[in-house]
Structures are given as C-alpha cells and as structure tokens.
Amino acid sequence: MICKWKSKHNTKNIVKCRRDAYDDSGYCLFHKQNKTKKENEIFNKIINGELKSELYIWNSKENIFDFRGFVFDEEIKFSDFKNYINKEDAVFDFSEAIFGKNVYFDNFQFKHDVYFSHTEFKRIVSFKNCIFEGNCIFKKTKFRTTSNISPFYKAKFIGQHLIFKDIENGLKFDGIIFSQNTRFILDNVEYDKVNYLNGRNAYRIAKNQSNIIGDYHEVGRYYYKERWYNGKMIFPSISFWNRNGEGLKKLVLFKSIKQKKHYKHIIPKLMDLTAKHVVGYGEKPQNVLFLSFILISVFAYLYMIAGLKINIYTNYIIDSQEIIKYNLDDLLKGNIKQFFKDYLQAWYFSIVTFTTVGYGDIIPINFWGKILSSIEMFLGVTVVAAWTSTLVRKISR
C-alpha cells in the first residue's frame, strides 16, 4: 500500500508520496506522526545516511532531495549529513515539513535552491555559518515566537534570491551576509509588539540590500515599513483593561502615564503619526493629494458659513456683487441646486486660497473669513511643499 500523504497546498501539481506505507496508519515512516523511539532511530539513520538514504530521500524524477511533508520528532543536525553534498545540482525541498524539536543547519552548504513552503518550526531553527549558493525561499512558513537570537548569524547568501513571504512571526536577521547580487525580499512579514525592534531592523537590512543591488522600487516599501515599526516603538503601549477585563479609571491611567514619563513621547508620536498619514513617510504622494482635496472641501463649506463676496467685473470694473452666506436654517431648508452652485463657487475660492494664487474675484466678507483663509494659506503652503518633496523623492529614485 502506498503512503496516503499528499500535499495540502500545491493545487497545480498534486504532490503525493511515492513510498510504501510503514504500518496500518497508512503513512510511511517519514510522514508518520508520533513515532516510537525505535521508529525515530530508524528514521534518523536513514536521514543521516547510515542506511541507504537515496532510496528514500532522493527523488531522481524531480532532481531534488525530497523532504516534503516529513515529520521530524527529534532534534536534527544537518551538518552531519555528508551524503547530501555529492549532488551539487540538487534542490532541497522541505515544503510542508514539520520540525517538532530543534533543527540545526549550521555550517551546511546548499549547492542549489532550498524551499521551505508551509514548513513548520515548532522549536529553534538555526542556519549559522550556512552557505546558500542558490535561491532560498520561505513561503507561509511558521516559526516559533521570535527570540533575540538571529537564526542567520554569519550565514552567506550567494544566490540571487532570499525570499520571505507571508510570515506571521518574522525572524531576526542580524549578522546575515549577502553578496552584491542577492535580492532580499520581505513580502508581508509581520512582527508582534514584543518584536517591533526586530521588525524595524529586518526592513532596514532589506532596504540597505535593495540599495546595494539597485532595486529602488522596493527601497521605498522597506523604508516605509522600517519607519512604521519605529513609530510603533515611540510610545509604550498602555493597557486600558485589568486582568479581570474591567476598564481602568482615568485617574489611574494618567497616574501611570506620569509615573512612567510617557508624556515625553507624546510629541514625537504625534509627529510620527503626521508623517505616516500625511506623506506615508515620504513614500505615498497620493496621500498628500487626498489630504489636499479633503482640506479644500472642508474649508469651502466653512467659507459658505463665514460668508463670501463675489465681485462681478465688466471691463475690469466691478459691475455688481453677490454674497454667499448660509446659516443653519438655510442649510436645512435651502434649495439644493442653489446650494451646490454656491458650494462650487466656495470650492473655487478655497482652492485659489490653498494654492496662494489669490485672484481677488472672491473675497471673505468678515473677520472670521479672513481667519479661515489665513489658516488655509498656511496649510496650503505646507502641504504643497510636502507633496512636491515626496513626488521628487519618488521620481528621482
């Protein structure tokens, strides 16, 4: 009977086990979970080459060392597996494998590509001093909660791609070594609040490597994520709920802020939030355009309440004047068509004021209108400058 294991994630080409079932469970020794001590001894002897592993591990049809779906119940050290270095053009595929204990790839040299798609590491994984001559791809891989130890310390990547995609518990990448041609890709790699520092450093490393190889399209994305995690660390998190699930009193909350001196972080946090939402840390000029549209529209409505005077010219001489001024009753009972027409006039005046053009055909009629126009001019100069610098930054890159 053939082992009943098959891939749960590869839908294009269904991957099945080609080995015979080991016992009544219907699985081979490699895909069987909760193996006995004796079964684990046989398993390890096959893995480390004491038994003829090529009959079990080597897939000549696909030219890979096939570890897909393997269940490793005991600690593994791949540096002892000397038989795997004989085939220099072979790919290692650990897709959907489960490592129940620690696994050490330390000092191992991968001659070709390595795949860890949907692989699960339940304990420690280490690639220290490894050499990767081909691509290395981690896709939807499950790692245990990130620790302060970098699994890739002094690991050398010579291949063209090191890819981490859709990773929930991102790793620490300190000490990693890249060649001048390796593309380091972090795509949807997330870190929890305990590991925000590791997240910031990871995206900083990716940004620096992208700069080195000239991958400027990715530089902006990595820079944004680096700043995003850095902003998360500015103001320490405060729990609004106690262990019983009851809300904390305001007095206790403010006392906690004062004792821990959290107030020192308020202004930097506000500045970070402004940079994040207004210009996207200099990477999203479309945010500035959207903000400009919102500001112009809001001020147009306020001008209608404060009042505007429209000067109608004939041969450069004011022929007549029209007043736009609405109160609450006018807004509730007024003609919608006339309101829309007046709003377009106010919107025109708002955009002229926002861009500091000032044609003079429409002017505020009172003190409050002048205050509003002064505020809008100041915001306009600031926002336009931010948009210009952000756009130039993107274009120059």
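# A tour from Phe164 outward

Select Phe164 first. Beyond its neighbours within four places in sequence, Phe164 is in contact with Phe138, Phe143, Phe152, Leu171, Phe173, Phe184, Ile185, Leu186, Asp187 and Val189. The model on screen is predicted.

**The largest nonpolar core.** Keep Phe164 displayed and add Phe105. Of the 59 residues in the largest nonpolar core, these two, Phe105 and Phe164, touch the most other members. Now colour the elements that each supply at least two residues of this core: H1, strand E9 (114-117), strand E13 (136-139), strand E15 (161-167), strand E17 (183-189), helix H2 (196-213) and helix H3 (216-232). Elsewhere there is a second, separate core of 21 residues, which includes Ile310, Tyr343, Leu372 and Val383.

**Strands E13, E15 and E17.** Go back to E15 and show its pairings. E13 and E15 run parallel and are joined by four bridges. To see one of the bridge pairs, select Cys136 and its partner in E15, Leu162. E15 and E17 also run parallel, with six bridges between them. Here, pick Ile167 and find its bridge partner Val189 in E17. Val189 has already come up, as one of the contacts of Phe164. When looking at side chains here, bear in mind that in a regular strand they alternate between the two faces of the sheet.

**Helix H1.** Select residues 37-47. Which residues of H1 are buried? They are Glu39, Asn40, Phe43, Asn44, Ile46 and Ile47. Turn the view to look down the axis of H1: the buried residues fall within an arc of 160 degrees, so they line one face of the helix. Lys37 and Lys38 are exposed on the face turned away from that buried side. Next, show strand E3 (71-72) and strand E4 (76-77), against which the buried residues of H1 pack.

**The open sheet with E3.** From E3, move to the sheet that contains it. Three strands make up this open sheet, in the order E3-E6-E10, with parallel pairing. E3 and strand E10 (120-121) are the edge strands, each pairing on one side only. Strand E6 (residues 98-99) is joined to E10 by two bridges. Select Ile98 to find Glu120 of E10 standing opposite.

**Helix H5.** Select residues 266-278 and check the length. At 1.5 Å a residue, the 13 residues of H5 should span 18 Å, and the end C-alpha atoms are 18 Å apart, which agrees. Asp272, Ala275 and Lys276 are the buried residues to label. Viewed down the axis of H5, they fall within an arc of 100 degrees, so they line one face of the helix. An α-helix has 3.6 residues a turn, so residues three or four places apart point the same way. What lies over the buried residues of H5? The cover includes H3 and helix H6 (285-306). Rotate to the other side of H5, where Ile267, Leu270, Met271 and His277 are exposed. Then step past the end of the helix to Gly280, which follows H5 and has a positive phi, near 60 degrees.

**Phe378, the last stop.** Select helix H9 (residues 367-396) and label Phe378 within it. Is Phe378 buried or exposed? Phe378 is exposed, because its relative accessible area is 59% and the cut-off for exposed is over 50%. Finish by drawing a C-alpha to C-alpha distance from Phe378 to Thr356: these residues are 22 apart in sequence and 8.9 Å apart in space.

Notes
Residues numbered from 1 in each chain as written. Predicted model: local features only at pLDDT ≥ 70, side-chain atom pairs only at ≥ 80, totals over all residues. Heavy atoms only, no water. Buried < 20%, exposed > 50% of the residue type's maximum accessible area, 1.4 Å probe, protein only. Arc of directions from axis to C-beta. Contact = heavy atoms within 4.5 Å. Core = buried A, V, L, I, M, F, W, Y, C linked by side-chain atoms within 4.5 Å. Expected span 1.5 Å × (residues − 1). Pairing = 2+ DSSP bridges.
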